[in-house]
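Trainee: I would like to learn how the words used for a protein model follow from their definitions. Could we look at one together?

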Amino acid sequence: MADGAQQDKSVQVKLVLLGEAAVGKSSLVLRFVSNDFQANKEPTIGAAFLTQKCRLEDRTLRYEIWDTAGQERFHSLAPMYYRNAQAAVVVYDVTKAASLEKAKSWVKELQRQANPNIVIALAGNKLDLVQSSSPPTPTSPSFEDDEADDATATPGETPDSPEGSTNETLRQVPTDEAQAYATEASLLFFETSAKTGEGVVELFTEIAKKIPIDHILASTQGAAGRSGAAGADGQGNRQQGINLDAAASKGKDACNC
Ligand SMILES: Nc1nc2c(ncn2[C@@H]2O[C@H](COP(=O)(O)OP(=O)(O)OP(=O)(O)O)[C@@H](O)[C@H]2O)c(=O)[nH]1
Ligand SMILES: [Mg+2]
């Protein structure tokens with residue numbers, strides 16, 4: 001039953017991005033969804049919703065991506081976005097040690113309060129800033145353009161990302177340190193650059209491979225009308241506050257809040 005469904009339609013996977021302000025969450029999503037980069041991307045207000053398909057060998061996933069705002073004033077909204085998520089990308093900036101500490105606190109919060117089966121990846125972004133040469137922007141053969149609606153608004157200040165600052169001395173988070181933490185906390189780990197595209201496709205592909213697709217299909221088919229794979233936690237995690245799933249089901253390609 002599940003096999004047939006896998007061939008016929010893509011599986012929807014709710015993924016949330018979390019992390020300190022200006023670490024590059026929206027830029028990673030923009031790179032993943034549109035293979036694009038904006039040097040002066042404005043801060044996210046509230047959250048943005050985008051979608052992207054991801055083809056694996058034997059199945060297609062459709063990521064429903066909630067890109068949250070990192071500014072502290074939006075912290076309390078986060079549970080609405082990670083509740084029922086099957087995947088999370090927790091982002092830090094390799095040139096800011098404090099952003100890894102913030103990432104760790106997001107991981108703790110996810111491990112305490114999110115779906116117990118959630119796949120969590122740690123992404124150390126802005127890798128280009130600590131490299132002496134930037135690799136070329138990769139294409140994304142496994143991913144299709146999909147409709148996306150970015151709800152970011154209100155231009156804000158432009159965080160630093162100086163051109164030409166390719167200097168290893170800018171690095172504040174050694175790869176080994178982040179990798180060790182990720183291993184200990186059972187997270188996927190990638191260093192990425194939304195600017196060059198390095199590691200971005202790999203990040204989302206590895207997450208896709210770890211998503212328990214059969215489990216999601218079983219829970220969605222077995223509980224029609226209930227939200228996504230949320231049943232995986234067996235605790236009936238339901239939406240509170242803004243009904244994101246209702247909004248998404250109305251127009252999944254154009255949903256925003
Ligand atoms: N050099 C470099 N700059 C980056 C990279 N990713 C993002 N930036 C820049 O960093 C700034 C912040 O990026 P955003 O994507 O808006 O960061 P964010 O995490 O979404 O920020 P909030 O929405 O406020 O939480 C922007 O000026 C980006 O252009 C990267 O990989 N390399
Ligand atoms: Mg953002």
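Mentor: Let us begin with K126, which is found in the loop between β5 and β6 (143–144), where helices (H or I, at least four residues) and strands (E, at least two) are DSSP runs, numbered from the N terminus. This is a predicted model, in which local features need pLDDT of at least 70, side-chain atom pairs count only at pLDDT 80 or more, and totals for chains, interfaces and linings use all residues. Residues are numbered from 1 along each chain as its sequence is written, while chains are lettered from A and ligands numbered from 1 in the order in which they are written.

Trainee: Why is K126 called buried?

Mentor: A residue is buried if 20 or more other C-beta atoms lie within 10 Å of its own, exposed if 12 or fewer, and partly exposed in between, with C-beta atoms placed from the backbone. K126 has 28 other C-beta atoms within 10 Å, and therefore counts as buried.

Trainee: What is the phi of K126?

Mentor: K126 has a positive phi of about 70° although it is not a glycine. Most residues other than glycine have a negative phi. A22, in the loop between β1 and α2, also has a positive phi of about 70° without being a glycine.

Trainee: How do you know whether A22 is buried or exposed?

Mentor: By the count again: A22 has 23 other C-beta atoms within 10 Å, so it is buried.

Trainee: What makes α2 a mostly covered helix?

Mentor: Of the 10 residues in α2 (residues 25–34), 9 are buried, among them K25, L28 and F32. The helix is followed by N35, whose phi is positive, near 50°.

Trainee: How do you know that the span of α4 is close to the expected one?

Mentor: The expected span of a helix is 1.5 Å times one less than its number of residues. Helix α4 (residues 97–113) has 17 residues, for which 24 Å is expected, and its first and last C-alpha atoms are 25 Å apart, which is close to that value. Its buried residues are S99, L100, K102, A103, W106, V107 and L110.

Trainee: What puts those buried residues on the same side of α4?

Mentor: They cover an arc of only 160° around the axis, and therefore lie on the same side of α4; the arc is that of the directions from the helix axis to the C-beta atoms. On the other side of α4, A98, E101, K108 and R112 are exposed.

Trainee: Which residues does T68 touch, leaving aside those up to four places away in sequence?

Mentor: T68, in strand β3 (residues 60–68), touches V16, L17, L18, T44, A47, F74, A78 and Y81, where contact requires that the C-beta atoms of two residues, placed from the backbone, lie within 7 Å. T68 and A47 are 21 residues apart in sequence, yet 4.3 Å apart in space, C-alpha to C-alpha. T68 has 24 other C-beta atoms within 10 Å and is therefore buried.

Trainee: What is the average pLDDT of the chain?

Mentor: pLDDT is the predictor's confidence in each residue, from 0 to 100, and the chain averages 79, with 68% of the residues scoring at least 70. Over residues 1–6 the pLDDT is below 50, and over residues 147–165 it is also below 50. Where pLDDT is low, the predicted coordinates should not be read in detail.
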